[in-house]
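Hi,

Here is the structure I said I would pass on. Have a look at it first, and then read on for what turned up.

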Amino acid sequence: STIARERSLSPASVKIIRVLLDISFIWSSCSKHPVTRSQVLPSLVNGGLDDPRDLPNFFYQHLERDVRDLTQLTGRNFEEVVFFLHLIVKSLMETAGELCSSPTELTQRELREQWEREFDKKFIQPILSSLHTDVQRQMNQVLSEKRIANNPILRIVYEREEPD
């Protein structure tokens, strides 16, 4: 993708950053803060949106597309993609503030690109590099919980045998 080449990141890394942005835009567009809803977020939309009340749906459509693209880029199914996005957010929460920049620092393209590379190296690449083993290990851990083992519907969904 052109965007990935422009940013010197892998296409998967670019999509992961976009998914995280989509999520933050959805959350912000549901905000009660009048400046965010009426001025900041609509400025991110290049035409085609007349009513700020349509912002959550607009950003949700982008989120769906970006997650679908991410499943294709990684060769993983939807649940696995959501799971490794969860692992990235968990890592972010555990190390909150380590890559914080002031908004004025991110107005310059070079500084944004540097921030993206650092973010990719710290949060995305460790998850992507161990994607198969981490996702399988973590999913097995979740699936071994009693609430799933004892729930017949969840056993069918996750294709698990009857509990011993």
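Let me start with one pair of helices: H2 (residues 11–29) packs against H5 (residues 78–94) at an angle of about 70°, and their axes lie 12 Å apart. With that angle, H2 is roughly perpendicular to H5. On the H2 side the contact is made by Ile16, Val19 and Leu20, while H5 brings in Phe84, Leu85, Ile88, Val89 and Leu92. Sorted by class, that contact has eight nonpolar residues, with no polar and no charged ones.

Before going further, please keep in mind that this is a predicted model.

For the overall picture, the protein chain has nine helices and zero strands. Of its 164 residues, 33% are buried. If you take the contacts with a separation of 6 or more, 57% of them are between residues 24 or more positions apart.

Back to H5 for a moment, since isoleucine 88 is worth clicking on. This residue sits in helix H5, and it counts as buried because its relative accessibility is 0%. What does isoleucine 88 touch, not counting residues up to four places away in sequence? The list is Ile16, Leu20, Phe123, Ile124 and Ile127. With the last of those, isoleucine 127, the C-alpha to C-alpha distance is 6.9 Å, although the two are 39 residues apart in sequence.

H2 has another partner too. Helix H6 (residues 109–129) crosses H2 at roughly 100°, and the two axes come within 10 Å. So H2 is roughly perpendicular to H6. Here Ala12, Ser13, Ile16, Ile17 and Leu20 of H2 meet Glu116, Phe119, Asp120, Ile124, Gln125 and Leu128 of H6. By class, the H2 and H6 contact has seven nonpolar, two polar and two charged residues. Ile16 and Leu20 of H2 take part in the contact with H5, and Ile16 and Leu20 also appear in the contact with H6.

One residue to pick out at that contact is isoleucine 17, which is found in helix H2. Is isoleucine 17 buried or exposed? It is buried, because its relative accessible area is 10% and the cut-off for buried is under 20%. Leaving aside neighbours within four places in sequence, isoleucine 17 is in contact with Leu9, Glu116, Phe119 and Ile124. Its C-alpha atom is separated by 8.4 Å from that of aspartate 120, which is 103 residues apart from isoleucine 17 along the chain.

Last stop is helix H4 (residues 55–74). H4 has 20 residues and reaches 28 Å from its first C-alpha to its last, close to the 28 Å expected at 1.5 Å a residue. Which residues of H4 are buried? They are Leu55, Pro56, Phe59, Leu63, Asp66, Val67, Leu70, Thr71 and Thr74. These buried residues cover an arc of only 145° around the axis, so they are on the same side of H4. Just after H4 comes glycine 75, which takes a positive phi of about 70°.

If you only have time for one view, try H2 with its two partners: H5 at an angle of about 70°, and H6 at roughly 100°.

Cheers

Technical notes
Residues are numbered from 1 along each chain as its sequence is written. This is a predicted model: local features need pLDDT of at least 70, side-chain atom pairs count only at pLDDT 80 or more; totals for chains, interfaces and linings use all residues. Side-chain values use heavy atoms; hydrogens and water are left out. Axes are lines fitted to C-alpha atoms, for helices over the stretch in contact, and angles run from 0 to 180 degrees between N-to-C directions. Helices (H or I, at least four residues) and strands (E, at least two) are DSSP runs, numbered from the N terminus. Angles under 35 degrees count as roughly parallel, over 145 as roughly antiparallel, 65 to 115 as roughly perpendicular and the rest as oblique. Contact means heavy atoms within 4.5 Å. Ala, Val, Leu, Ile, Met, Phe, Trp, Tyr, Cys and Pro count as nonpolar, Asp, Glu, Lys and Arg as charged, and the others, Gly among them, as polar. The expected span of a helix is 1.5 Å times one less than its number of residues. Buried means under 20% relative accessible area, exposed over 50%, partly exposed in between (1.4 Å probe, protein chains only). The arc is that of the directions from the helix axis to the C-beta atoms.
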